Structures are given as structure tokens and as C-alpha cells.
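Please open the structure in your viewer and keep the selection panel at hand. The stops below say what to select next and what can be found there.

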Amino acid sequence: MNVLSPTRKRPMKLSTTVTLMICSVLGTVLLLVFALWFSQISNATRDGLKDTALAVARTLADTPEVKRGLTLPPDSQIIQPLAMAVMKRNHLLFAVVTDMQGIRHSHPNSQLIGQHYIGKDINPTLNGKENVAINNGALGPALRVYTPVYNDKQQQIGVVAIGVPLSKVDEQLARSRRNVLLTILFSALVCTVGTLILVRVLKEALLGLEPHEISANLKQRQAMLHSLKEGVMAVDEHGQVTLINPAARKMLQSSSGNEVDEGPLLAELKEVLQHDKPIYDQEITCNGLLLISNTVPIHRQGNIVGAISTFRDKTEVSQLLQRLDGMVNYVDALRTTSHEFMNKLHVILGLLNMKSYDKLEEYVLQTAHNYQTDIGAIQHQIKAPVVAGFLLGKIHRAKELGFTLTLAEESLVPDNVNEKQVTALVTVLGNLIENALDAMSEQPEGEVTVMLHFQNGWLSGEVSDDGPGITQANIDAIFVKGFSTKGENRGVGLFLAHQQLSALGGSISVESEPGVYTQFFVHLPWDSKRTPA
């Protein structure tokens, strides 16, 4: 029964997410600004109208005609023309002047002159205090402003009342609201355009990827970097390290602490940054390791923005080559043995046909003896198949070159479950045997002897030859990388052999007498999985 997994909700696009976030934030801010501004504008509009009305009232109160008219009867017609002119000039609802008893001396309706002023909001001003109020009088609702009138002796003789229609107040507030609303709408338009531009810039900067795609790519990149056996290190355009994967950190980390030696690699990365040219298959010695690195620049829109280096321990590469070489030699040895065996079968068949039974017996015994000497002895002494096949291949190679490779009778090597130790032994023996064969190449004959002995968890080995030997001047330098008497681009084998043995806790040393012999001594731990009989 198949269980259908629930359909995953498709993540929201970056453009939609950014637009909604910015619009919600800006919308909230603009609403708050609109509310605050509207409140302030409303108060400012009312205050402005109040101050204007007070200014008109004070000006009218200081007019000599008003002061003189208040000393005369209300129907003297001195204040009325002046009040009407001020009212029309300033678009007021009314401009009323009363005496201290509240009797009108002016009014837009001349029939109300001489009558008492309607409204208790005039009382504070009759007591000498200016007052502002909103009230509904004979002419309708209005913003009323009151100011006292004083004579030349600073004695209050009346009150000036100015009325501003509330419709004018509302009109001013509506005009202010429209200005605020237009400003808000313009700000929203600018923010919308800015949001669209921001989304476009973000999409270009993120290479058109959505956030969930970036997250998936980042997780895949991290998993890839952690799974790589090769070291990876990257720098930005200023030469600062921005990336170093666990394999690189492990290779570059010193054995004494957590410090990472990145100097040689960093120098190569900076060189690539400076010259903008890649460097391939460069050998670098770093933290006691021989590394093979490939370094290339990183470009963005035609400009160099960094560099990245991938590197691998050359020791591992050499180990693989040595193992492959051992297997190839083993296969070649088996192929050669197979051809020899077929030839021997033809000889046996011929002797049978000839009925030369005595010769046949002698030939079979000799063949068995040779097998026991060459192959049987190796298989009996060397229980590690890779090492046995490797030595068998080297024996045949030495024969092809006209030399003799002999495995000492006391040699004994049990099988080993530690692949690193087996690889190290093959690497070391391969370099020592090949160096011995090369050294004897100018001689008509020569012999290489190999002795391997296991005891108490350690394997000791000796590789000796009767070649030209090593001079005392060179004997201390043969394990240095790059030192060789065979020409350029050599001098790596013994360096790698010494490095591998040191990494395993083993050692290698040499004794030589020029023109007589050369003998190498190898000592390394050997994890035998069974005790030899």
C-alpha cells in the first residue's frame, strides 16, 4: 500500500514576500503619520483661525471710533459702519461690539442693535479676560472670540466679539486633510516604486533564485564540501579566507594544536588574485605534507572577486599509484607464469610422446623445485597478498633487467588488516627496489636482497644491493624532497617513503659504502590479524 505524502505548500516568491513586508510596514507607518499629522494639522488650523480672529478683535478694540462710540448711545451709528466693514473685509460671521452691560452697539442685523448679547461665553471677557468658545447664536454656530475694550485710562468700557463660521473652520480642515492625504498618497507611490526597484536589484544580486532555492543550494553545497576528500579553500578579492572545508582543515591542522597552517596556499591564492591567471598541478609543501593544488580566479561581471584552490595530499596519490603498480606487476607476473606453465606443459607432452620417462621425471622435479623456490616460498613467507604479489612482480622485473632479486629465507610477514600500513610498506619497498635497480643499470650483473621480519607488532625490513653506493656527501640529503642524482623532476620517492613512515610512527635509515653496497633499514608498526605458526 502506497502512502501518499502530503503536498508541500509552495513557498512564497521573494518578490511577493518583500513587497508584502515593505507595504505592510510602510502602510502602518503612513497611517500612523497620517493620524498624527491630521491631529496636528486640525489643531494648527483651529489655532490659526483663533489667532486671526483674536488679531482682528484686538485691532477693532484699539480703534478710536470704537472707544468713542461706546461712550455714546447704541444707536449713534459710529461703531456699526466700522464693524460691518471689518466683517466683510475678513469674511467673518459677525463683528459685534457691546458695552459693559452687554448691549450691542453693532450687529450684521441692524435691528438687533441696542439689544442684549446672547450667550454666557461673553461673561469672562466682561471681567477683563479674553475668551474663545464655540456656540450657537442668532446667526448660527460659530467660533467666537472675545477681547475687552479699554479707554485711554485703561478702564474697560466694552467687549469686541468676533464670530468665525464653523463652515469656514471645516473648510480649512478639509483643505488641510486633502494636503495630508495627497502627501501620503505621493509617499506611498514613491515607496511602491522603490519597492519594485529593490525587488529587482535583489533578484539580480541573488541570480534570480528564490529564498528556498538558495537554502537548498546552500545545504547541498555544505554537504558537498563536507563529503569531499579534497581540500577546498577560497579567498575574497582582499585575500581574506572565506571558505575552508573540513578536509582542508584536517590536512592543514598542525599536530600540536588547533592552528591551521595556510601560508603557502594563501600565498598561491594571492598570486592568482594579483595576476588573474590559474595555476594547475602545483606542488606545495604545507604542514609537512606534499600537496598538489589547482587554483583558479573567480570572476563576476568581468571583475575578479576572489580565488579558490582545491588540493590533495600527494602522498595519497602516490599510495594509489604504488598499489596500482603492485597489482600490475602481480598481473604481469601471473601472465608470465602462465606462459611459462604452458611451455612446460608442451615440454612434458613432448617427453611423454618420446617416451623419455627419465628425462620427464628429471624435468618435473626441477620444475617443482623452481616453483617452490620462486612462488611457493614467497607465498609461504609473505602472508599479505598485496605484498606477496608486489614482490613477485619485482622479482620478474629484476630478471628482465638482468639482475637478481632475492627474498631472504628468514623473512616472515603475516597478513595485515591495516591498509595504510600495507600501502606504506609497498611504497617504501617499491622506491628502494627501483632505486637499487636504477643504480645497478650500468653494471653487467647485480643482486638486490630483501629481508622482512615481524616481531611484537613491528615489521623490520632490510633492502640491500651491491650497486655503486651513495657518497657520504649525499647520504644525509637523499630523504629531502627534490634531491636526486638522476636529473630534474626527480627526488620524490624517498621523500614520500620517509614521510609515510614518519606518519605511522616508523623510521627509515641508510648505510652505504661507495663501490661496495647500500643497505636501507625500515621499521614500521604492523597490525597482524593472526599469529604465524
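## First stop: a mixed sheet

Begin by selecting strand E12 (residues 458–465) together with E14, which pair in the antiparallel sense over 8 bridges; helices (H or I, at least four residues) and strands (E, at least two) are DSSP runs, numbered from the N terminus, and two strands pair if DSSP finds at least two bridges between them. The model is a predicted one, in which local features need pLDDT of at least 70 and side-chain atom pairs count only at pLDDT 80 or more, while totals for chains, interfaces and linings use all residues. Residues are numbered from 1 along each chain as its sequence is written, and side-chain values use heavy atoms, with hydrogens and water left out.

Within this pair, look for Asp465, whose bridge partner in E14 is Thr518. Now widen the selection to the whole open sheet, which has 5 strands in the order E10-E11-E12-E14-E13 and mixed pairing. Its edge strands are E10 (404–407) and E13 (507–513), each of which pairs on one side only. Neighbouring strands of this sheet are turned by 15° against each other on average, direction ignored; here and below, axes are lines fitted to C-alpha atoms, for helices over the stretch in contact, and angles run from 0 to 180 degrees between N-to-C directions.

At the E10 side, select strand E11 (residues 447–455) as well, which runs parallel to E10 and is joined to it by 4 bridges. Leu407 has Val450 in E11 as its bridge partner. Helix H11 (residues 385–400) packs on the sheet here, touching E10 and E11 (contact means heavy atoms within 4.5 Å), and its direction makes about 150° with that of E10.

At the other side, select E13 and E14, an antiparallel pair with 7 bridges, in which Glu511 stands opposite Gln519 in E14. The hairpin of these two strands has 3 residues between them, and there Gly515 takes a positive phi near 85°.

## Second stop: two helices

Helix H14 is the next selection: H14 lies across E13 and strand E14 (517–525), running at about 30° to E14. Add helix H12 (residues 419–439), which packs against H14 (residues 493–504) at an angle of about 150°, with the axes 9 Å apart. The two helices are therefore roughly antiparallel to each other, a description used for angles over 145 degrees, whereas those under 35 count as roughly parallel, 65 to 115 as roughly perpendicular and the rest as oblique. The crossing of H12 and H14 is left-handed, meaning that the near helix is turned anticlockwise from the far one by less than a right angle, while clockwise would be right-handed. To see where they meet, show side chains including Ala424, Val428 and Leu432 in H12, and Leu494, Ala497 and Leu501 in H14.

## Third stop: an antiparallel sheet

Move on to the open sheet of 5 strands in the order E6-E5-E9-E8-E7, where the pairing is antiparallel. Strands E6 (241–244) and E7 (279–286) stand at the edges with a single partner strand each, so one side of each is left without a neighbour in the sheet. The twist averages 25° from one strand to the next. Strand E5 (residues 231–236) is joined to E6 by 3 bridges, and Ala234 stands opposite Leu243 in E6. Helix H8 (residues 263–275) packs on this sheet, touching E5, E6, E7, E8 (289–300) and E9 (303–313), and its direction makes about 145° with that of E9.

## Last stop: covered residues

Which residues does Gln80 touch, not counting those up to four places away in sequence? Select Gln80 in helix H3 (residues 79–89), and its contacts appear as His105, Ser106, His107, Ser110 and Ile113. Gln80 counts as buried at 8% relative accessibility, where buried means under 20% relative accessible area, exposed over 50% and partly exposed in between (1.4 Å probe, protein chains only). The side chain of Gln80 reaches the backbone oxygen of His107 at 2.8 Å.

Then select strand E4 (residues 156–165), where 10 of its 10 residues are buried, and strand E1 (residues 94–99), which pairs with E4 in the antiparallel sense over 6 bridges. Asp99 has Gly158 in E4 as its bridge partner. Finish at Arg144 in strand E3 (residues 140–150), which is buried, with a relative accessible area of 4%; the C-alpha atoms of Arg144 and Val164 are separated by 6.4 Å.

Conventions. A polar contact is a pair of N or O atoms within 3.5 Å; within protein, one must be able to donate a hydrogen and the other to accept it, and residues adjacent in sequence count only if both atoms are side-chain atoms.
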